[in-house]
Amino acid sequence: MKLTDIFWPFRSDMNYIERELDRAIDTKEPVLHKAASHLLKAGGKRIRPVFVLLGGKFGNYDIERLKYVAVPLELIHAASLVHDDVIDDAELRRGKITVKSKWDNRIAMYTGDYIFARALTLVTELPNPQIHKILSNTIVEVCLGEIEQIRDLNNWDQNLRRYLRRIKRKTALLMAISCQLGAIATDASKDVVHKLYAYGYNAGMAFQITDDILDFIGDEKKLGKPAGSDLKQGNITLPALYAYHKSQNAAAFRVLAEENRTDEMIRFIREGECINEAQKLADWYLMRAAAALEGLPDNRNKDALLKIAHFFGERQS
């Protein structure tokens, strides 16, 4: 099943959120407007806004309140991608030229800063200090995750726990609070808020692990970037960690790593058991995501969350 099929019942509200995203980045500064628009029009799955709306379905649903959570969360995600592309010196994002390539690093960094600032401005429209605190703390964690990734470039001594903490900060937390804040903004019960946060966290962990798997085995055209990009940039993800520490021929892989024979490392990971081992962990997180929803009403909103988790495990791009 495609995400568009799962999102279909919410298409009207998602179209509204899309228009609000355009309004959010509007500015009379032409270069800033063009760069920010270029980023948003490059597309994206819009998973975080959908999670906000679905979280809101378990409370007193109000799109006029939820937009002040859904739009900022997507903007924060977008801003982090602009900064990522500068750090990674990435030419393409989702198969399209990045802001830093179309303009330059300075424009890209200020575009990211502007989008971050607009996100924080919008969320203050909701007079709820709890929402502001959760969002602010998450931005701190996202930044820590980015610093950790830089610190661990080409660091083969990092362990699984360190990798999992990094992807929690970089990916899973934003998905978790998307579900959580959607529920909080619509006055859902504490139990519902807790369940939705746990669902979003576990689904987000599975999403990032799957992303790291696809970096090795996915279709380059669908991914919009060359295979093995992370490893070539020194970003050591789960399949590579398994190859180095736990695979049957770990000693042989370590030699390749020490000599930085990247293409051979990519072949090793593709042809060995590392991909299957990484997939097992992704599946474990998906199982936990589904279990987190137990006790919530059996309706199309819960069904949509389950389908999204399933999509995370099966996606090809």
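Start by selecting L73, I76, D84, I87 and D88 in α5, then add L135, I139, E146, Q149 and I150 in α8: these are the residues through which the two helices meet. Sorted by class, this α5–α8 contact has 6 nonpolar, 1 polar and 3 charged residues. Keep in mind as you click around that you're looking at a predicted model.

Next, widen the selection to the whole helices, residues 63-88 for α5 and residues 129-151 for α8. Their axes come within 12 Å and cross at roughly 20°. Angles under 35 degrees count as roughly parallel, so α5 is roughly parallel to α8. Which hand does the crossing of α5 and α8 have? It's right-handed.

Now hide the helices and go looking for holes. Rolling a probe the size of a water molecule over the atoms shows where empty space is left. How many cavities of 30 Å³ or more turn up in a search of the whole structure? The search finds 2. Head for the largest cavity, with a volume of about 60 Å³.

To see its walls, select H38, L39, A42, D85, R93, K96, I97, T98 and V99, the residues that line the largest cavity. Colour α3 (30-41) and β2 (96-97) while you're there, as these are the elements that give two or more residues to that lining. Then try colouring the lining by class: you'll get 4 nonpolar, 2 polar and 3 charged residues around the largest cavity.

One last click: pick D85 by itself. D85 is one of the residues lining the largest cavity, and its number falls inside the 63-88 stretch of α5, the helix where you began.

Conventions:
Residues numbered from 1 in each chain as written. Predicted model: local features only at pLDDT ≥ 70, side-chain atom pairs only at ≥ 80, totals over all residues. Heavy atoms only, no water. Axes fitted to C-alpha atoms, helices over the stretch in contact; angles between N-to-C directions. Helix = DSSP H or I, 4+ residues; strand = E, 2+ residues; numbered from the N terminus. Parallel < 35°, antiparallel > 145°, perpendicular 65-115°, else oblique. Left-handed = near helix turned anticlockwise from the far one by under 90°. Contact = heavy atoms within 4.5 Å. Nonpolar A, V, L, I, M, F, W, Y, C, P; charged D, E, K, R; others polar. 1 Å grid on protein atoms, 1.4 Å probe; cavity = no way out; pocket = protein on both sides within 12 Å on 5 of 7 lines; lining within 4 Å. Points joined across faces, edges and corners; volume = space filled by probe spheres on them.
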